Every structure is written in C-alpha cells, then in structure tokens.
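Subject: A structure for you to look at

Hi,

Here is the structure I promised to pass on. Have a look at it first, and then read my notes below with the view open beside you.

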Protein chains: 2
Amino acid sequence: NETLRAQLGRRTWYFMHVMASRYPVDPTSDEKQAMKSFLFLMSRLYPCGDCAHHFQQHLKRHPINVDTRDKLEQYLCGMHNVVNKSLNKPEFNCAEVHSTYDCGC
Amino acid sequence: NETLRAQLGRRTWYFMHVMASRYPVDPTSDEKQAMKSFLFLMSRLYPCGDCAHHFQQHLKRHPINVDTRDKLEQYLCGMHNVVNKSLNKPEFNCAEVHSTYDCGC
Ligand SMILES: Cc1cc2nc3c(=O)[nH]c(=O)nc-3n(C[C@H](O)[C@H](O)[C@H](O)COP(=O)(O)OP(=O)(O)OC[C@H]3O[C@@H](n4cnc5c(N)ncnc54)[C@H](O)[C@@H]3O)c2cc1C
Ligand SMILES: Cc1cc2nc3c(=O)[nH]c(=O)nc-3n(C[C@H](O)[C@H](O)[C@H](O)COP(=O)(O)OP(=O)(O)OC[C@H]3O[C@@H](n4cnc5c(N)ncnc54)[C@H](O)[C@@H]3O)c2cc1C
C-alpha cells in the first residue's frame, strides 16, 4: 500500500532527523557506538521490506559518519536525498537540516 | 516545546507500532536479539530527554517481550498505555493493535 508506505516514511524520517539534531555535538566513543548500532538495526527492522533493503545498500556504500552531531545530520540528510532522487522527489538543502529539525523537546 | 514533543511522540509511536506489526510471527534468536537491542538503544537515543528517561524506567520494570510478533505488539501497546496514563490520555484497547497498524507496506 503506497499511501501507508509514504506515511511510514515521512514519520520515520522526521524521527531520525530530530534524533540527529539532538545527538551530542561531541559524542563519546560509547555514544558513537550506540548510534552506529542503532542505525544498522534500523536498516534491518524498518518495516517496509524494499526500503530496508535500500537502506542497507546505502549503509554499505556510504560508511555511516557518527563522529559529531553535524556529521550525523549531514549523513542522514544525504541518505534521505539519495532516496528522494530514486523516487524523483526534489533534493533537500542540507545546510537547512539542523534548523529544520531542532525540536528542543 | 510541547507541540513539537507531541508531534515527535505521535510519529515515533506510529513507527514503533508498525515495526512490531511486521516483526516475524516466529522470530529466530538472532531476530529477537536484534529487536531487543534496538529497543534498548531507542530508549537511550530518543530525542526528548524526559521521555527517554521514562522509556528506560519502563524497560527496567517491565522486561521486554520479543518472543513472538503478538507479544511484541502487546508489549509496546502496554508501554504506550503507561505513557498515556501518566499524561491523562485514554487507554487504547490492545486487542485492536495489530489491525490498526498492519500497514502492508
Ligand atoms: C530509510 C527509508 C528508506 C526508504 N526507502 C524507500 C524506498 O525504497 N521506496 C519508497 O517508495 N519509499 C521509501 N521510503 C519512503 C520515502 O522516503 C518517503 O518517506 C515517502 O515516499 C513519502 O515522501 P514525502 O514526499 O512525503 O516526503 P519524505 O521524503 O518522507 O520527507 C518528509 C519531509 O522531510 C523533508 N525532507 C526531504 N528531504 C530531506 C532530506 N534529505 N533531509 C531532511 N529533510 C528532508 C521535507 O520537508 C519533506 O516534506 C523510505 C523511507 C525511509 C525512512
Ligand atoms: C517512548 C516515548 C516516551 C514518551 N514519553 C513522554 C513523556 O514522558 N512525557 C510527554 O509529555 N510525552 C511523552 N511522549 C509523547 C507522548 O506519548 C505522545 O506521543 C504525545 O503526547 C502526543 O500524544 P497524542 O495524544 O497525539 O497521541 P499519541 O500518544 O502520540 O498516540 C498516537 C495515536 O496512537 C494511538 N494509540 C494510543 N495509545 C496507543 C497504544 N497504547 N497502543 C497503540 N496505539 C495507541 C491512538 O490512535 C493515538 O491517537 C513519549 C513518546 C514516546 C514515543
């Protein structure tokens, strides 16, 4: 079902971008490891089979960068743009990603 | 910001309930371990500090059950109801959780 797949995608991207915007500016090695594991597990458990597969391919081709908040935000924005491209959606300007998703919550 | 916190909560719950509805009916031990790790990491990384804290407390008091799809769905529905209660929101009927969130996507 395309509509539900789109709804799931929109909500999950939002969660992931907000999570990145609240990731530590200067994470400890433990925090880096936690985020890396989380994203790998997310790519296994994401509940749309095709999407999970694309997510996994992406992680293989573009090593995750969890070194700083900014790098993680840019990594996820770039990954989202790869999916946008494959679906013929407009590219998002990643310079705006932090201000768009910093939810202060 | 309360509005953004609520929006983040709604979108994240949706993602988690859909994920549970697509979890294997009869998971392997590897799949169980992946889901368990995922939920623990989620409780660390969830980008609302207070909420993450409540999530962690919940995991400590109520051991995660990832043995079957049905058990995971009921576990997350129960956890969501605990949060509902603490916020004076109505209880959700967990008998309806699978049909509500099975997105076929
Ligand atoms: C990991 C993952 C993999 C996916 N793979 C597929 C797939 O293989 N096939 C498929 O059909 N669907 C896939 N989806 C769903 C797809 O990406 C969209 O979520 C869905 O099509 C709905 O699109 P949308 O136009 O509403 O906007 P979305 O792409 O969901 O984006 C929501 C909003 O985020 C903002 N945004 C857009 N681009 C970015 C960016 N680069 N960085 C930050 N913010 C941005 C915009 O404001 C946009 O309106 C996937 C989703 C996820 C989370
Ligand atoms: C892990 C986690 C912890 C949170 N902790 C806090 C906190 O400590 N303080 C705080 O203010 N906010 C917290 N939130 C946010 C809060 O739970 C709500 O998401 C937010 O208040 C918006 O509420 P809502 O009324 O829109 O419905 P939500 O509770 O977001 O629910 C969305 C929809 O899901 C359905 N639903 C309701 N209950 C269930 C259930 N038990 N099972 C399945 N579906 C259900 C209903 O259709 C409902 O409209 C947390 C969110 C998460 C994900």
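A good place to start is R11(B): of the residues of chain B, its C-alpha comes closest to the rotation axis, at 2.5 Å. Please keep in mind as you read that this is a predicted model.

What is that axis? A turn of 180 degrees, with a shift of 0.0 Å along the axis, lays chain B on chain A with an RMSD of 0.0 Å. That is the relation of a two-fold axis.

**Where the chains meet**

How many residues of each chain are in contact with the other chain? There are 29 in chain B, and they touch 29 in chain A. Between them, the two chains bury about 2600 Å², and 73% of this is on carbon and sulfur atoms. On the chain B side, the residues that lose the most area to chain A are Y14(B), L45(B) and C105(B), which together make up 24% of what that side buries. The copies meet through the same surface, because 100% of the interface residues of chain B are also interface residues in chain A.

**Around ligand 1**

Now turn to chain A and ligand 1. Of the 20 residues around this ligand, the ones that come nearest are R10(A), H54(A), C77(A), H80(A) and Y101(A). Which helices should you follow to find the shell? In chain A, α1 (2–21), α3 (49–61), α4 (69–86) and α5 (97–101) each supply at least two of its residues, and α1(A) gives the most, with 6 residues. By type, the shell of ligand 1 has 11 nonpolar, 6 polar and 3 charged residues.

Some side chains here are worth picking out one by one:

- Y101(A) has a polar side-chain atom 2.8 Å from a nitrogen atom of ligand 1.
- N84(A) places a polar side-chain atom 2.9 Å from a nitrogen atom of ligand 1.
- K89(A) has a polar side-chain atom 2.9 Å from an oxygen atom of ligand 1.

As for cover, ligand 1 exposes 960 Å² when taken alone, and the protein buries 81% of that.

**Around ligand 2**

Which residues come nearest to ligand 2? Of the 20 around it, they are R10(B), W13(B), H54(B), H80(B) and Y101(B). The shell draws at least two residues from each of α1 (2–21), α3 (49–61), α4 (69–86) and α5 (97–101) of chain B. The helix that gives the most is α1(B), with 6 residues. The shell of ligand 2 divides into 11 nonpolar, 6 polar and 3 charged residues.

Three side chains to look for on this side:

- H54(B) has a polar side-chain atom 2.4 Å from an oxygen atom of ligand 2.
- W13(B) has a polar side-chain atom 2.9 Å from an oxygen atom of ligand 2.
- R5(B) has a polar side-chain atom 3.3 Å from an oxygen atom of ligand 2.

On its own, ligand 2 has 950 Å² of accessible area, and the protein covers 82% of it.

If you want a route through the view, try going from R11(B), the residue of chain B closest to the axis, to Y14(B), which is among those that lose the most area to chain A, and then on to W13(B), one of the residues nearest to ligand 2.

Happy exploring!

Terms used. Residues numbered from 1 in each chain as written. Chains lettered and ligands numbered in written order. Predicted model: local features only at pLDDT ≥ 70, side-chain atom pairs only at ≥ 80, totals over all residues. Heavy atoms only, no water. Least-squares fit on C-alpha atoms with pLDDT ≥ 70 in both. Contact = heavy atoms within 4.5 Å. Near = heavy atom within 4 Å. Polar contact = N/O pair within 3.5 Å; in protein donor to acceptor, adjacent residues only side chain to side chain. Areas by Shrake-Rupley, 256 points an atom, 1.4 Å probe, with all protein chains shown as cover. Helix = DSSP H or I, 4+ residues; strand = E, 2+ residues; numbered from the N terminus. Nonpolar A, V, L, I, M, F, W, Y, C, P; charged D, E, K, R; others polar. Buried area = accessible area lost by both parts, 1.4 Å probe.
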